[in-house]
Amino acid sequence: MSIKYSNDKIVIVKGDITKENTNAIVNAANSSLMGGSGVNGAIRSAGGSRISDECRAIISRIGKLETGEAVMTSGGKLEAKYVIHTVGPVWKGGDESEEAQLSNCYINSLKLAAENGIETIAFPNISTGVYRFPKDLAAKTAYFTVKASLEKYQNINQVRFVCFDEYNYQLYLKLLSSDKKDNINLLLDFIPYFESNKNKFCTFTQPEKGEDENIYTSYPSYDKGLTDFIDIVYETGFLKENYLECLKEEKIENADNSEIIEIIRESDLLLLRSILTYFVRQERFCDGLWGEAAKDKIFLNILYRLREL
Ligand code: ADP
């Protein structure tokens with residue numbers, strides 16, 4: 001399985017990219033790295049002359065920036081420390097590798113960001129203004145390219161798509177929500193497994209007597225279905241990062257499993273994620289907990305609730 005829930009790291013916002021306080025913002029530049037209109041003009045006027053000075057220095061070194069390539073300058077007066085300049089393709093009808101070139105803009109920007117330790121980055125909707133790239137295709141290209149690249153650049157924690165117009169904003173929101181649904185469907189596929197597998201989730205080895213006469217404690221061995229489920233839960237990024245906070249926030253630590261099922265029945269998505277995080281992580285301290293949770297229908301009830309939401 002190679003599905004990663006990188007869409008947890010993707011955020012869609014509507015607004016002006018010059019106001020973003022990510023480590024870097026990306027500029028939809030032109031090949032001469034000169035000032036222009038649209039987002040390029042906005043970044044330069046908000047960032048001040050330092051950005052243009054650095055752009056000139058880069059151009060005197062490399063001549064021009066090819067379509068799909070990316071370079072970096074400081075952020076000047078912007079809140080963002082860096083600006084990554086990339087040149088989007090001009091739309092010429094779709095037969096001139098425009099899609100691949102647009103993909104390259106995102107790939108090369110993220111590569112440069114990762115190489116420079118940038119953890120948060122904001123993108124405009126490159127090429128969808130003066131360069132006339134169809135917005136639907138641009139959004140899909142941007143979204144899926146970024147999603148794939150995030151698997152490679154694990155140190156990048158957040159990518160924000162900053163949409164200036166309502167149409168783009170709605171496109172990206174739709175992409176994100178259908179992507180999340182696909183991930184949740186992967187989890188829901190386990191409902192029949194948890195419904196049918198009565199008490200077979202976990203077996204324990206018999207305690208053994210070692211050569212040194214010590215009795216070794218038994219350890220759980222899990223049914224493949226259950227370990228597959230846990231893998232998918234990890235891979236889809238359903239878990240929350242800070243599981244200790246899950247405990248504190250949700251007051252589930254002292255509840256017994258039947259009380260937790262009651263809580264699950266009323267939970268929203270965030271709370272479900274906390275509860276599942278609690279059960280998955282807690283296994284480290286309590287061998288056999290997954291089997292117990294499965295037997296007590298904790299996972300099944302979480303999935304039922306997920307299906308309802
Ligand atoms: P391109 O030449 O790559 O098409 P444009 O700047 O003309 O670049 O447009 C790219 C996208 O940036 C368009 O969707 C446009 O609406 C958007 N845009 C313009 N100004 C801003 C801004 N201040 N912040 C974010 N996006 C912006």
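**Around the ligand, then into the fold**

The shell around the ligand is a mixed bag: 10 of its residues are nonpolar, nine are polar and two are charged. Keep in mind as you look around that this is a predicted model. The shell holds 21 residues, and those that come nearest to the ligand are A28, G38, G129, Y131 and F164. If you want one element to start from, pick helix α1, which spans residues 38-47. With four residues, α1 gives the most to the shell around the ligand.

Now move over to helix α3, which covers residues 98-115 and includes L102. Is L102 buried or exposed? L102 counts as buried because 26 C-beta neighbours sit inside 10 Å, and the cut-off for that label is 20 or more. Some of its surroundings come from other parts of the sequence. Once neighbours within four places in sequence are set aside, L102 is still in contact with G88, P89, I126, S127, F133, A138 and T141. Take S127 from that list: L102 and S127 are 25 residues apart in sequence, yet their C-alpha atoms are 7.8 Å apart in space.

Last stop, a pair of strands. Strand β3 takes in residues 70-74, and four of its five residues are buried, so call it mostly covered. Its partner is strand β4, residues 82-87. The two run antiparallel, with five bridges joining them. To find your bearings on screen, go to T73, whose bridge partner in β4 is V83. When you inspect side chains there, remember that in a regular strand they alternate between the two faces of the sheet.

Conventions
Residues are numbered from 1 along each chain as its sequence is written. This is a predicted model: local features need pLDDT of at least 70, side-chain atom pairs count only at pLDDT 80 or more; totals for chains, interfaces and linings use all residues. A residue is buried if 20 or more other C-beta atoms lie within 10 Å of its own, exposed if 12 or fewer, and partly exposed in between; C-beta atoms are placed from the backbone. Two residues are in contact if their C-beta atoms, placed from the backbone, lie within 7 Å. Two strands pair if DSSP finds at least two bridges between them. A residue is near a molecule or strand if its C-beta atom, placed from the backbone, lies within 6 Å of it. Ala, Val, Leu, Ile, Met, Phe, Trp, Tyr, Cys and Pro count as nonpolar, Asp, Glu, Lys and Arg as charged, and the others, Gly among them, as polar.
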